2 protein chains.
Amino acid sequence: MAHTRDPKRQLREICSIAARVFYDKGYDGASMQDIAGAVGLTKAGLYHHVGSKDRLLFEIMNYGMDILDETVLSKARGISEPRERLRRLIAGHIDLIVRTRNREITVILHENRSLKGPLRSKINARKLEYIRFLESTIAEVQTSASSPPAITPRLAAFALLGMINWLYQWYKLDGKVTEEELVQAYTRFFLRGFLGET
Amino acid sequence: MAHTRDPKRQLREICSIAARVFYDKGYDGASMQDIAGAVGLTKAGLYHHVGSKDRLLFEIMNYGMDILDETVLSKARGISEPRERLRRLIAGHIDLIVRTRNREITVILHENRSLKGPLRSKINARKLEYIRFLESTIAEVQTSASSPPAITPRLAAFALLGMINWLYQWYKLDGKVTEEELVQAYTRFFLRGFLGET
């Protein structure tokens, strides 16, 4: 691990590397020794930094939600026009999923079962905040539409999250469909599906 | 484990129980000893039945694809009218995901990384067959539509799979939205999104 005096940056560096180890070996399959080795710390040193394996998983997920906040939410919040805000949310979230540099997010999406009690509740509260923002944006888009929606803003928000979060299972950045084409297609599909506009 | 003379049924019983153990502990976190204990076999007995841990994971996934074939695909194949076939596919697949008795499927959806080489290829070939059937059904639906589609049948198929496969993350059968309402909403949303019909 590179030496640094900034504790937050150091924690994020540990999180990035640990997320890759969890991704490769699974949360239960990866030992703290494996992670210490990958990070370049002794096991005692790793425990000093992160407290426990549970806590480390929590820190990774929390970092993943920070990335979502910083790269998607914070930019979207500044956009007052609802459709434009929704477009930005869709494009930003897709970018987060399809770029492999953010493996932490993949871990978040899959290992939520491994987190227990209050740590789990904290992550779920952050996820819920995101879903509510998405839902209220979708509801705002609806008020400017000419036809009644096909489904409720809440169901639409979850459908959209599914469409996007599932991308890591099949979408390849170097494949036939460019990210730009994907964003446009998904946005068009979603707006049509929700509002029935052609 | 209940005694039975039918090897296929016996293997399925082992798969059901083992899937639950993998689901709880993760593939890497669950030992063959854990699984043998849950199934009610000795470890040697379990190895005799399934060969290896890899092979066991493969058998679970294969059983999951059998369930998909038997409960969704086989029924849809008999329907000649494309929209009706698509409706049946959506309803059948949703039912598979939201009913917890089929935990194997959840494992399939998440542990694909853990399977290697030819076993992985075999499962992926079965998944691809399903995606192609979905895609060709969507393409058939399109030919009877009045407007050009918002996205290609392939992207639409993956979007639909994401919407449905993500349900296990948030949808609760005993929640506010009934399964019937969910199926109708998703079908309407998808057909609108894809065809632009209101």
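**Exercise 1. Burial and make-up of chain A**

Task: Work out what share of chain A's 198 residues counts as buried, and which elements the chain has.

Solution: Start with burial. In this predicted model, 54% of the 198 residues of chain A count as buried. Next, go through the elements: chain A has nine helices and zero strands. Read from the N terminus, they run α-α-α-α-α-α-α-α-α. Finally, look at the contacts in chain A with a separation of 6 or more: 67% of them come from residues 24 or more positions apart.

**Exercise 2. A ring pair across the chains**

Task: Classify the pair made by Phe158(A) and Trp170(B), and say where each partner sits.

Solution: A pair of aromatic rings is described by the distance of the centres and the angle of the planes. Take the distance first: the ring centres of Phe158(A) and Trp170(B) are 4.1 Å apart, and the cut-off for a pair is 6.5 Å. Then the angle: the planes are at 5 degrees, so this pair is stacked, given that stacking needs planes under 30 degrees apart. Now place the partners. Phe158(A) belongs to helix H8 (residues 153–165) of chain A, while Trp170(B) is in the loop between helices H8 (153–165) and H9 (179–195) of chain B, so the pair crosses between chains. Both Phe158(A) and Trp170(B) are buried.

**Exercise 3. Another geometry, and a cluster**

Task: Do the same for Phe189(A) and Phe190(B), then find the cluster they belong to.

Solution: The centres are 5.7 Å apart and the planes make 65 degrees, which puts this pair in the edge-to-face class; the cut-off there is over 60 degrees. This pair crosses between chains too, running from Phe189(A) in helix H9 (residues 179–195) of chain A to Phe190(B) in helix H9 of chain B. On to burial: Phe189(A) has a relative accessible area of 0%, so Phe189(A) is buried. Phe190(B) also comes out at 0%, and therefore counts as buried. Zoom out and you get one aromatic cluster made of Phe189(A), Phe190(A), Phe194(A), Phe189(B), Phe190(B) and Phe194(B). Over all chains, the whole structure has 13 aromatic pairs.

**Exercise 4. Charges over rings**

Task: Find which ring Lys53(A) lies over, and which ring the charged end of Arg77(B) sits over.

Solution: In chain A, Lys53(A) lies over the face of Tyr27(A), 4.7 Å from the ring centre. In chain B, the ring is that of Phe133(B), with the charged end of Arg77(B) 5.2 Å from its centre.

**Exercise 5. His93(A) and the packing of H5(A)**

Task: Is His93(A) buried or exposed, and how do H5(A) and H8(A) pack?

Solution: First locate His93(A): it lies in helix H5 (residues 82–98) of chain A. Its relative accessible area is 6%, so His93(A) is buried. Its side chain makes a polar contact of 2.7 Å with that of Tyr130(A). Setting aside neighbours within four places in sequence, His93(A) contacts Val72(A), Tyr130(A), Leu161(A), Ile164(A) and Asn165(A).

Now the helices. The axes of H5(A) and H8(A) are 9 Å apart, at an angle of about 35 degrees, and the crossing is right-handed. On the H5(A) side the contact involves Leu86(A), Ile90(A), His93(A), Ile94(A) and Ile97(A); H8(A) brings Leu160(A), Leu161(A), Ile164(A) and Asn165(A).

**Exercise 6. Thr143(A)**

Task: Is Thr143(A) buried or exposed?

Solution: Thr143(A) is in helix H7 (residues 117–143) of chain A. Its relative accessibility is 68%, so Thr143(A) counts as exposed. Between Thr143(A) and Glu84(A) there are 14 Å in space, C-alpha to C-alpha, and the two are 59 residues apart in sequence.

Methods: Residues are numbered from 1 along each chain as its sequence is written. Chains are lettered from A and ligands numbered from 1 in the order in which they are written. This is a predicted model: local features need pLDDT of at least 70, side-chain atom pairs count only at pLDDT 80 or more; totals for chains, interfaces and linings use all residues. Side-chain values use heavy atoms; hydrogens and water are left out. Rings of Phe, Tyr and Trp (its six-membered ring) pair if their centres lie within 6.5 Å; planes under 30 degrees apart count as stacked, over 60 as edge-to-face and the rest as tilted. Helices (H or I, at least four residues) and strands (E, at least two) are DSSP runs, numbered from the N terminus. Buried means under 20% relative accessible area, exposed over 50%, partly exposed in between (1.4 Å probe, protein chains only). A charge sits over a ring if NZ of Lys or CZ of Arg is within 6 Å of the ring centre and within 35 degrees of the ring normal. A polar contact is a pair of N or O atoms within 3.5 Å; within protein, one must be able to donate a hydrogen and the other to accept it, and residues adjacent in sequence count only if both atoms are side-chain atoms. Contact means heavy atoms within 4.5 Å. Axes are lines fitted to C-alpha atoms, for helices over the stretch in contact, and angles run from 0 to 180 degrees between N-to-C directions. A crossing is left-handed if the near helix is turned anticlockwise from the far one by less than a right angle, and right-handed if clockwise.
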